[in-house]
Amino acid sequence: MAEESQETTTSLLHHHRQPGWLRRLTTSLRLKTSLLSELSGSVGDLGTYIPIVLALTLVSHLDLSTTLIFTALYNIATGLLFGTPMPVQPMKSIAAVAVSETPHLTVSQIAAAGICTAGTLLFLGVTGLMSFFYRFIPLPVVRGVQLSQGLSFAFSAIKYIRYNQDFTKTTSTKTTDPRPWLGLDGLILALTCVLFLIFTTGDGGKRNVVDATENSGIITTNQRRVEKRLRILSAVPSALIVFVLGLVFCFLRDPSIVNDIKFGPSRFHVLKITWDDFKVGFIRGAVPQIPLSVLNSVIAVCKLSGDLFPGTELSATTVSVSVGVMNLVGCWFGAMPVCHGAGGLAGQYRFGGRSGLSVVFLGLGKLMLGLVFGNSFVRILSAFPIGILGVLLLFAGIELAMASRDMNSKEESFVMLVCAAVSMTGSSAALGFICGTVLYLLLKLRELDCSAFPFSRSTSKSNVEDETIISP
């Protein structure tokens, strides 16, 4: 008995002495909801990922196999590091410039833009400047950036649903070719997916129909039935079902895809990036991307993480360094420049992602596709119903925009709305950020107590003397 007791005590001590990295790993991969919900949440950010990857692959000749493999490794690493459904999203400004402006950016110039942006974020993270910005940027300004990004996603999603899009030429949306009602990428299909997602996920929040305190502990039969129905509906992996449906429709829309599939990944190779590539990439790609990455990929992501997962607000330094390291490795091999986006986090949360396991599943899926199908997977993506992508993007955008609902005072709402309006009208989060910050400081200046300043004391003294003279 003594020996058994000693063995038990020894095993418990070994358990408590579990290495910190292993304990962190198990915590990151611990299920916080059902397995199906995590799987569903894993595809919540594909509404922005697929169109941009498709356009860069077809227009700029990006290596899709390399991008899939590297972004898969990023997904797995961030899932283990952060323990939340931290997304890996394309750098949108660089992608927009690469495929929309002429001449188009080459793969080397795209990589150079990503490396310059990554170097800047790595510098801000290592020096602690990013944490400084994060602490002192007013919350209403951050909410304004989130609101503008969320509404921009939602507006683009509506265009995806209502109009035919051609991402083989540009990432920008068009509104000149209305989508037909019928067909495997018609309006009826998209609207059916919207209704299905609303019916299964509701408003995206966790709601308990039965509240024993309000009902004095008495639970009716009808309330039990409603509670049971909502539990069943919330367990449905709705986003995953919609995405798989889209993959099936790819082959139904174009059966010749099967003949074009070639198995195996492309070979890795280091890009040759010249100084001229760095010059063009920095001026045309990195300059518009850096402010967006700082605001949306770091500041807004950390704030949103704290809102969605109370008590687990991410470190701005860690997120900034993460973006820097990812691109300083992958871009040299031709992978797409990526960052962490608040919209992607909102989308994955909206459809059930609650832990790092969600993005680990996504990473494993991307890794399998990159290793098995390689660059031929672009044929499948090019036939994916754009209306379904619009549906996923719509819910992600609305979830991100709803993060701004905690602005309770009129002053905070005023700053937030001005920041959002300028960001959306000027198509620049940096411009909206500057205007919102200046507005916030002006409003605080109006309420500043000036009694501590010398000129204020002299003015106050003269006013008192005048009052004394006038008084009888």
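# Worked exercises on a predicted, helix-rich chain

By the sulfur-distance rule, the count comes to 0 disulfides. C331 takes part in none, with the nearest cysteine sulfur, that of C116, 9.8 Å away. Keep in mind that you're working with a predicted model.

## Exercise 1: Cysteines without partners

Work out why C435 has no disulfide, and decide whether C331 and C435 are buried or partly exposed.

**Solution.**
- Step 1: recall that a disulfide is a covalent bond between the sulfur atoms of two cysteines. The cut-off here is a pair of sulfur atoms within 2.5 Å.
- Step 2: look at C435. Its closest cysteine sulfur belongs to C419 and sits 8.1 Å off, so that pair is too far apart for a bond.
- Step 3: check accessibility. C331 comes out at 1% relative accessibility, so it counts as buried. C435 comes out at 30%, so it counts as partly exposed.

## Exercise 2: The chain as a whole

Find how many helices and strands the chain has, and what percentage of its residues is buried.

**Solution.**
- Step 1: go through the secondary structure. You get 22 helices and 2 strands.
- Step 2: turn to burial. Of the 472 residues, 49% are buried.
- Step 3: look at contact range. Take the contacts between residues at least 6 apart in sequence; 82% of them join residues at least 24 apart.

## Exercise 3: Two helix pairs

Classify the packing of α8 with α15 and of α9 with α21: which pair is oblique, and which is roughly antiparallel?

**Solution.**
- Step 1: pick the descriptors. Two packed helices are described by the angle between their axes and the distance between the axes.
- Step 2: take α8 (residues 129-136) and α15 (residues 316-330). Their axes are 8 Å apart and make an angle of about 130 degrees. That makes α8 and α15 oblique, because angles count as roughly antiparallel over 145 degrees and as roughly perpendicular from 65 to 115.
- Step 3: see who touches whom. On the α8 side you'll find M130, S131 and Y134; they meet A316, T317 and S320 of α15. Sorted by class, this contact has 3 nonpolar, 3 polar and no charged residues. The crossing of α8 and α15 is right-handed.
- Step 4: repeat for α9 and α21. Here the angle is about 150 degrees, with the axes 9 Å apart. This angle is over 145 degrees, so α9 and α21 are roughly antiparallel.
- Step 5: add handedness and contacts. The α9/α21 crossing is right-handed. P140, V141 and Q149 come from α9, while α21 supplies A429, F433, G436, T437 and Y440. By class, the α9 contact with α21 has 5 nonpolar, 3 polar and no charged residues.

## Exercise 4: Two buried residues in their surroundings

Locate G432 and T67, and say which residues each one touches beyond four places in sequence.

**Solution.**
- Step 1: place G432. You'll find it in helix α21 (residues 429-446). Its relative accessibility is 0%, so G432 counts as buried.
- Step 2: list its contacts. Skipping residues up to four places away in sequence, G432 touches C419, V422 and S423. The C-alpha atoms of G432 and V145 are 7.3 Å apart, though 287 residues separate the two along the chain.
- Step 3: place T67. It sits in helix α5 (residues 64-82), and at 0% relative accessibility it counts as buried.
- Step 4: list its contacts with the same sequence filter. T67 touches Y49, L62, G334, A335 and M336.

## Exercise 5: What covers α6 and α3?

Name the buried residues of α6 and α3, and elements that cover them.

**Solution.**
- Step 1: start with α6 (residues 92-100). It's mostly covered, with 7 of 9 residues buried. Those are K92, S93, I94, A95, V97, A98 and V99.
- Step 2: find the cover. Among the elements over these residues are α4, β1, α7, α9 and α14.
- Step 3: move on to α3 (residues 35-42), where S37, E38, S40, G41 and S42 are buried. Their cover includes α11, α12, α16 and α17.

## Exercise 6: Backbone oddities in loops

Find where P103 and H61 lie, and what omega and phi are there.

**Solution.**
- Step 1: go to the loop between α6 and α7, the place of P103. A cis peptide bond joins T102 to P103, with omega about 0 degrees.
- Step 2: go to the loop between α4 and α5, where H61 is found. H61 isn't a glycine, yet its phi is positive, about 60 degrees.
- Step 3: check accessibility. H61 has 62% relative accessibility, so it counts as exposed.

Note on methods:
Residues numbered from 1 in each chain as written. Predicted model: local features only at pLDDT ≥ 70, side-chain atom pairs only at ≥ 80, totals over all residues. Heavy atoms only, no water. Axes fitted to C-alpha atoms, helices over the stretch in contact; angles between N-to-C directions. Parallel < 35°, antiparallel > 145°, perpendicular 65-115°, else oblique. Left-handed = near helix turned anticlockwise from the far one by under 90°. Contact = heavy atoms within 4.5 Å. Nonpolar A, V, L, I, M, F, W, Y, C, P; charged D, E, K, R; others polar. Buried < 20%, exposed > 50% of the residue type's maximum accessible area, 1.4 Å probe, protein only.
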